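Visitor: Could you take me on a close look at the inside of this protein, the part hidden from solvent? I would like to know what packs there and how the charged side chains fit in.

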Amino acid sequence: MVQRKVFENELTRLHNEILLMGSIVEDMLRDSIDSLSNRDKDLAVEVIKRDDMVDGKEIEIQELCVLIIATQQPVASDVRRVTSAFKIINNLERIGDHAVNIANVTKDLLDKKINLKEINEIKRMSEIVIELVKKCIDSYINLDIRQVEEILALEEEVDNAHHNLRRDLVQRMSCDANMIEQYSKFIFVSSHLERVGDHAINIFESVNYMVTGEYKDF
């Protein structure tokens with residue numbers, strides 16, 4: 001009983017550390033888009049600085065997972081929780097990387113002309129992506145996969161938004177050579193947001209495995 005209590009405490013610690021990492025990454029993603037839409041260099045730099053925090057948190061959680069497996073005697077469902085944690089934090093770290101890349105675009109475009117129309121389109125896409133990330137992290141918090149249809153619908157919205165925005169920006173490039181660099185950067189941002197959506201779905205797949213014991217691609 002004492003051994004099991006120690007193990008449960010370690011699982012709780014693991015859970016809380018993943019939630020903290022998820023919170024940091026969500027804020028980075030939101031701030032990276034805000035830095036772009038507001039042309040806020042200081043906020044972009046702050047997002048970039050937080051990358052080291054996320055990388056450090058990933059290593060810390062990896063070490064905790066190894067410690068749990070090495071020192072405890074987990075049953076099958078517990079093993080799933082610990083091994084799934086490795087995949088979840090890897091995807092969170094990748095989301096943080098995409099946020100950093102978006103923040104770098106902010107720095108690249110500080111002295112460039114930017115049209116409000118494109119900024120608003122990026123912001124609308126980012127709102128869908130952030131909602132998707134939040135729901136996938138919430139599924140981990142609650143170990144609840146019942147929102148699968150809503151989550152998949154959001155993923156489809158993200159994919160469609162990326163496809164439409166990329167198509168429109170390529171078309172605008174052909175009409176305004178002076179905006180080619182800016183439009184290229186926006187396609188770059190859209191691609192990063194689309195990849196964030198993919199990583200969110202990967203997190204949900206890990207949660208599904210934790211809950212059901214079955215691997216499933218969504």
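Guide: Happy to. Helices here are DSSP runs of H or I with at least four residues, strands are runs of E with at least two, and both are numbered from the N terminus. Keep in mind that this is a predicted model. On that footing, the elements of the protein chain read α-α-α-α-α-α from the N terminus on, and the count is 6 helices and 0 strands. The C-alpha trace spans about 70 × 35 × 20 Å along its principal axes.

Now let us step inside. Of the 218 residues in the protein chain, 48% are buried. The largest nonpolar core has 63 residues, and Leu-14, Ile-18, Phe-186 and Leu-193 are those with the most contacts inside it. The elements that each give two or more residues to this core are helix 1 (2-37), helix 2 (41-71), helix 3 (76-108), helix 4 (116-142), helix 5 (148-175) and helix 6 (180-212). Helix 6 supplies the largest share, 12 residues. As background, nonpolar side chains tend to be buried together in soluble globular proteins.

Phe-186 is a good place to pause. Setting aside residues up to four places away in sequence, Phe-186 touches Leu-36, Leu-109, Ile-114, Glu-118, Ile-119, Ile-122 and Leu-169. One of these partners, Glu-118, also belongs to a network of salt bridges with Lys-117, Glu-121 and Arg-172.

From there, look at Val-129 in helix 4. Val-129 counts as buried because its relative accessible area is 0%, where the cut-off is under 20%. Beyond its neighbours up to four places away in sequence, Val-129 touches Leu-29, Val-158, Leu-193, Val-196 and Gly-197. Leu-193 is one of the residues with the most contacts inside the core. Contacts that reach far along the sequence are a theme of the chain: among those between residues at least 6 apart, 84% join residues at least 24 apart.

Val-158 leads us on to a charged residue, Glu-194, in helix 6. Apart from neighbours within four places in sequence, Glu-194 is in contact with Met-125, Val-158, Asp-159 and His-162. Glu-194 is buried yet has no salt bridge, and the nearest side chain of opposite charge, Arg-195, is 5.2 Å away. That distance misses the mark because a salt bridge needs a side-chain nitrogen of Lys or Arg within 4 Å of a carboxyl oxygen of Asp or Glu.

Other charged side chains do find partners, with 18 salt bridges in the whole structure. In helix 3, Asp-97 and Arg-94 are 3 residues apart, about one helical turn, and their side chains meet at 2.7 Å, N to O. Asp-97 is buried, with a relative accessible area of 18%, while Arg-94 is partly exposed at 30%. Helix 2 holds a pair with the spacing of 3 residues, Glu-60 and Lys-57, joined by a salt bridge of 3.4 Å, N to O. There Lys-57 is buried at 11%, and Glu-60 is partly exposed at 32%.

For a contrast, finish at Arg-146, which is exposed, with a relative accessible area of 74%. Arg-146 forms a salt bridge with Asp-144, the closest N and O atoms being 2.9 Å apart.

Definitions and conventions
Residues numbered from 1 in each chain as written. Predicted model: local features only at pLDDT ≥ 70, side-chain atom pairs only at ≥ 80, totals over all residues. Heavy atoms only, no water. Core = buried A, V, L, I, M, F, W, Y, C linked by side-chain atoms within 4.5 Å. Buried < 20%, exposed > 50% of the residue type's maximum accessible area, 1.4 Å probe, protein only. Contact = heavy atoms within 4.5 Å. Lys, Arg positive; Asp, Glu negative; His and termini not counted.
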